[in-house]
Amino acid sequence: MATNQTQDGEMDDVDLVSEVEEDEEQEWGDWNTDDDDGEGDGLGSDLLLCLFCDLKYGSSEALFEHCNSMHRFDIGGIRKTLELDFYGCFKLINYIRSQVAENRCWSCGFTCQSKQDLQNHAHKAFSFKDTVLPWGDDRYLKPFMQEDPLLYSFGEDWEVEDEDTTSDNKITELIDFERICIDDDNTVEGPMFDSNTASENGRAESASAFNSCLNGMNPYQEVKVSSVDVNKSGLPSDTNSTDKDLEVSFAKVEANEIKNVNKNYFGLYSSFGIHREMISDKVRTDAYRQALLNNPSLLRGATVLDVGCGTGILSLFASQAGASSVIAVEASEKMAAVATQIAKDNCLLCSEGPSEGTSQGTGVMKVVQGMVEELGNCELIQPHSIDVLLSEWMGYCLLYESMLSSVLLARDRWLKPGGAILPDTATMFVAGFGKGGTSIPFWETLYGFNMSCIGKELVEDAARVPIVDIIDSGDIVTNTVVLQSFDLVKMTPDEMDFTSRIELEPLTENPTHYSSDSLCKTTWCYGIVLWFETGFTSRFCKDMPIVLSTSPYTPKTHWSQTILTFREPIAISLGSTASDTLAAVGTDACPAVKVHLRISIARAASPHRSIDISLEIAGIAPDGRKRSWPVQIFNLS
């Protein structure tokens, strides 16, 4: 429209420019046409193929967002954590494409039976820090896939970002997450960034900060987002970015989801029924009571912090044991009020002024309402002032609820050097269970009628969902193996996500599971059962060490055990029984003598406070032959 209103000379210039542009477009069109006539891969010049599935996207940003949300591959986080340059990312993309083509996990190397199994196997990348990168070889500079447009479109924004960042002043050290919080208010309150502040626990790494937030390391800070755009270097920018707006919007949604989950979680613990169940668990409550009352050298005159006090029962024990000060922290507003009233009713609540003339253990309790993550500036708890950090943080399968990260944060923030943590160790165990650990026996015959079809269907359902229930020790058919051990004095929150390889063998001490034929000592393993123990060890409890166990071989607790059922049972043999060398391993004709397991447990991104469990199974025959089963993924939520 505007060109029609210009003078004649200007019109001639415009027409000339238009003709030149048309000629250039024709030349580029011919070039593209020539390309299309080639073999290529059929992607087209505008579409980028996902690294893991067959979906295609119009931009690398959209593609990598899909990879992060659907395949748990965060290239931005990996790039920053490993400090990969453009060529490092170039080689990584080619390496992943080469591994996916062979149905092999790029991160852990596990080979799946199909592309779908590989997608189901997706998990958070394992740490490659201080290791030789498998894609470091220069052969990955050669495109694995012909005409892969992703290789030439992914690094544009990163190069701009790198120009604003120096090795001595990383982006991750500029962002002070203790001062950031997502809010609907578009105003800035106070400084958002502090170049002199570095996170003590590594929470400020931008590559993993949001995942850390989801995993409970520091999910409760508030970010005030202003209308002024903030670029990736942490400095104001006059240019509004749609990608950044989407990133902030996504963060808002996730933060609100976490807040809602926490609200429901702590609201659940406002129910007296849950506290009755826990206090009625004699194994649990007596273990803590004995550890506190029977270790006077540790408790007498100590300052104690109880994280997640609930009714305050453990704080009451600590007061009774002679602690000089007990600070009970409780996130639930209702239960904090209840704990305060209980302490007051038992003459153990600390008054505002000095409590002179009180008997030993009287007037020493203070109740603080709030989440540990929110109490950084709490006047009642001074940094590194606590002698004994006390908490009953364990969930189903030990790590469900992700409360351990709060305990570790409290340790780093408030515990004195050399201070005690109760309990101070935790160990996870695993063993295989037989048919009796399933619902099959119940449904086999009822009042003379065969209802086994129900039992079979229930077992199939159990292969998809973890079951929290009691396993009878008589149903254990393999040896017991340690899955993972934690030292709460030294561990970091990242250690809550782990992978372990274990080997199970048939249990020789329980012959009732095996055939009466001595030449065929075979039974069936239907799955594995997980449990844990926590230790109040002699490191701190020198007077009387205590072990709290949830084992099927000890009295039952409210934690029960966590049951993971195989898709199909595996025949296992006691020893060198005759087997068919042509039969599949793990069948009655060729029972396995060993079962190899690779188990990964990680805090799930969603729902918050849940955990993901990956189970990879392989049976080993007497002659050394190996059979692998498809990976199974469980979510405990």
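Visitor: In which sense do strand 18 and strand 19 pair, and over how many bridges?
Guide: This is a predicted model, in which local features need pLDDT of at least 70, side-chain atom pairs count only at pLDDT 80 or more, and totals for chains, interfaces and linings use all residues. Residues are numbered from 1 along each chain as its sequence is written, and side-chain values use heavy atoms, with hydrogens and water left out. Helices (H or I, at least four residues) and strands (E, at least two) are DSSP runs numbered from the N terminus, and two strands pair if DSSP finds at least two bridges between them. Strand 18 (residues 611-620) and strand 19 (residues 626-636) pair in the antiparallel sense, over nine bridges.

Visitor: Which residue in the hairpin of strand 18 and strand 19 takes a positive phi?
Guide: Ile620 stands opposite Lys626 in strand 19. The hairpin has five residues between the strands. The residue with a positive phi, near 95°, is Gly624.

Visitor: Which side chain is joined to that of Asn635 by a polar contact of 2.7 Å?
Guide: Asn635 lies in strand 19 and is partly exposed, because its relative accessibility is 26% (buried means under 20% relative accessible area, exposed over 50%, partly exposed in between; 1.4 Å probe, protein chains only). A polar contact is a pair of N or O atoms within 3.5 Å; within protein, one must be able to donate a hydrogen and the other to accept it, and residues adjacent in sequence count only if both atoms are side-chain atoms. A polar atom of the Asn635 side chain lies 3.4 Å from the backbone oxygen of Ile611. The side chain at 2.7 Å is that of Asp612.

Visitor: Which helix gives the most residues to the largest nonpolar core?
Guide: A nonpolar core is a set of buried Ala, Val, Leu, Ile, Met, Phe, Trp, Tyr and Cys residues joined through side-chain atoms within 4.5 Å. The largest has 98 residues, and those with the most contacts inside it include Leu305 and Met428. With six residues, the helix that gives the most to this core is helix 15 (residues 404-414).

Visitor: Why do the buried residues of helix 17 lie on the same side?
Guide: The buried residues of helix 17 (residues 452-462) are Gly455, Val459 and Ala462. They share a side because of the arc they cover around the axis, taken from the directions from the helix axis to the C-beta atoms. On the other side of helix 17, Cys453 and Lys456 are exposed. The arc of the buried residues is only 60°.

Visitor: How are the rings of Tyr95 and Tyr140 arranged?
Guide: Rings of Phe, Tyr and Trp (its six-membered ring) pair if their centres lie within 6.5 Å; planes under 30 degrees apart count as stacked, over 60 as edge-to-face and the rest as tilted. By this rule the count comes to 13 aromatic pairs. For Tyr95 and Tyr140 the centres are 5.3 Å apart and the planes at 90°, so the pair is edge-to-face.

Visitor: How many residues apart in sequence are the parts that Tyr288 and Phe536 tie together?
Guide: Tyr288 and Phe536 are both buried. Their ring centres lie 5.0 Å apart with planes at 85°, so this pair is edge-to-face. Tyr288 lies in helix 11 (residues 282-293) and Phe536 in strand 14 (residues 522-536), so the separation in sequence is 248 residues.
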